[in-house]
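Reader: Got a minute to go through this one with me? I'd like to talk charges first, then the overall build.

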Amino acid sequence: VERETYYTESGKPYYALGRIYIPSVNVDYPIMETDLDYIDEVLKIAPTKFWGCNPNEVGNFCVVGHNYRNTKFFSKVLNMQIGDTIEITDMSGRTLIYEVYNMYEVDPEDRDCTSQKTNGKKEVTVITCTNDSQRRVIVKARERV
């Protein structure tokens, strides 16, 4: 699969390392790859890998996206429910389905949700802001087997 290239406002190229699709809230975007020094710039393009393994690997793949309080990026993630599905397509074109098993809020400095201790399972953590931007919404999903 050829990697899609996207450009920031300053013209710097970044690459997609997969795609995230959440049917229940109509989310369908590339997942950008970046180092954390440039994450603010890349988050204006699309949701971005924040931490962890690569898509569809054993571990906790953490994806962060802006909540613009409209329909863009992760704005509607707050409306998700336990049992909803998240589909992740990796660069080989393989799509895995993950099922939401937990949702909660944390303080912005709380990084416990990024732990890689998954007991050998494949997990996805979706992270966005609350509508007042004071806290973070965490959506935890595990591969449906």
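Reader: Let's start with Arg 135: what's its relative accessibility, and how does that class it?
Author: Arg 135 comes out at 31% relative accessibility, so it counts as partly exposed. Keep in mind that this is a predicted model.

Reader: Ok. Which residue does Arg 135 form a salt bridge with, and how far apart are the closest N and O atoms?
Author: Its partner is Glu 105, with the closest N and O atoms 3.4 Å apart. The two come from distant parts of the chain, 30 residues apart: Glu 105 belongs to strand β7 (residues 95-106), while Arg 135 is in the loop between β8 (122-129) and β9 (136-143).

Reader: And how exposed is the Glu 105 end?
Author: Glu 105 is partly exposed, because its relative accessibility is 44%.

Reader: Which strands does the pair Arg 142 and Glu 123 link?
Author: Arg 142 is in strand β9 and Glu 123 in strand β8, and the two are 19 residues apart. They form a salt bridge whose closest N and O atoms are 3.2 Å apart.

Reader: Glu 123, buried or exposed? And what about Arg 142?
Author: Glu 123 is buried, as its relative accessible area is just 7% and the cut-off for buried is under 20%. Arg 142 has a relative accessible area of 31%, which means it is partly exposed.

Reader: Going back a step, which residues do salt bridges with shared partners join into one network?
Author: That network is made of Glu 105, Asp 107 and Arg 135.

Reader: How many salt bridges turn up in the whole structure?
Author: The search finds 6. One of them pairs Arg 19 with Asp 28, where the closest N and O atoms are 2.9 Å apart. On the exposure side, Arg 19 is partly exposed at 30% relative accessibility, and Asp 28 is partly exposed too, with a relative accessible area of 39%.

Reader: While we're on charges, how far apart are the mean positions of the positive and negative ones?
Author: They are 2 Å apart, taken over 18 positive and 22 negative charges.

Reader: Switching topic: what's the order of helices and strands along the sequence?
Author: The pattern reads β-β-β-α-β-β-β-β-β-β. That gives 1 helix and 9 strands.

Reader: Why call it compact?
Author: The radius of gyration is 14 Å, close to the 15 Å that the globule rule gives for 145 residues, so the protein is as compact as a globular protein of that length. Along the principal axes, the C-alpha atoms fill a box of roughly 40 × 35 × 25 Å.

Reader: What share of the residues is buried? And what's the surface like?
Author: Buried residues account for 45% of the 145. The protein exposes about 7,700 Å², and carbon and sulfur atoms supply 45% of that area.

Reader: What about contacts, what share joins residues at least 24 apart?
Author: It's 55%, counting contacts between residues at least 6 apart in sequence.

Reader: Last one, Lys 117. Where does it lie?
Author: Lys 117 is in the loop between β7 and β8. At 77% relative accessibility, Lys 117 counts as exposed, since the cut-off for exposed is over 50%.

Reader: And how far is Lys 117 from Gly 59, in sequence and in space?
Author: Lys 117 and Gly 59 are 58 residues apart in sequence, and their C-alpha atoms are 6.9 Å apart in space.

Technical notes:
Residues are numbered from 1 along each chain as its sequence is written. This is a predicted model: local features need pLDDT of at least 70, side-chain atom pairs count only at pLDDT 80 or more; totals for chains, interfaces and linings use all residues. Side-chain values use heavy atoms; hydrogens and water are left out. A salt bridge is a side-chain nitrogen of Lys or Arg within 4 Å of a carboxyl oxygen of Asp or Glu. Buried means under 20% relative accessible area, exposed over 50%, partly exposed in between (1.4 Å probe, protein chains only). Helices (H or I, at least four residues) and strands (E, at least two) are DSSP runs, numbered from the N terminus. The radius of gyration is taken over C-alpha atoms; the globule rule is 2.2 Å times the number of residues to the power 0.38. Contact means heavy atoms within 4.5 Å. Accessible areas come from the Shrake-Rupley method with a 1.4 Å probe; for residues, only the protein chains shown count as cover. Lys and Arg count as positive and Asp and Glu as negative; His and the chain ends are not counted. The place of a charge is taken as NZ of Lys, CZ of Arg, CG of Asp or CD of Glu.
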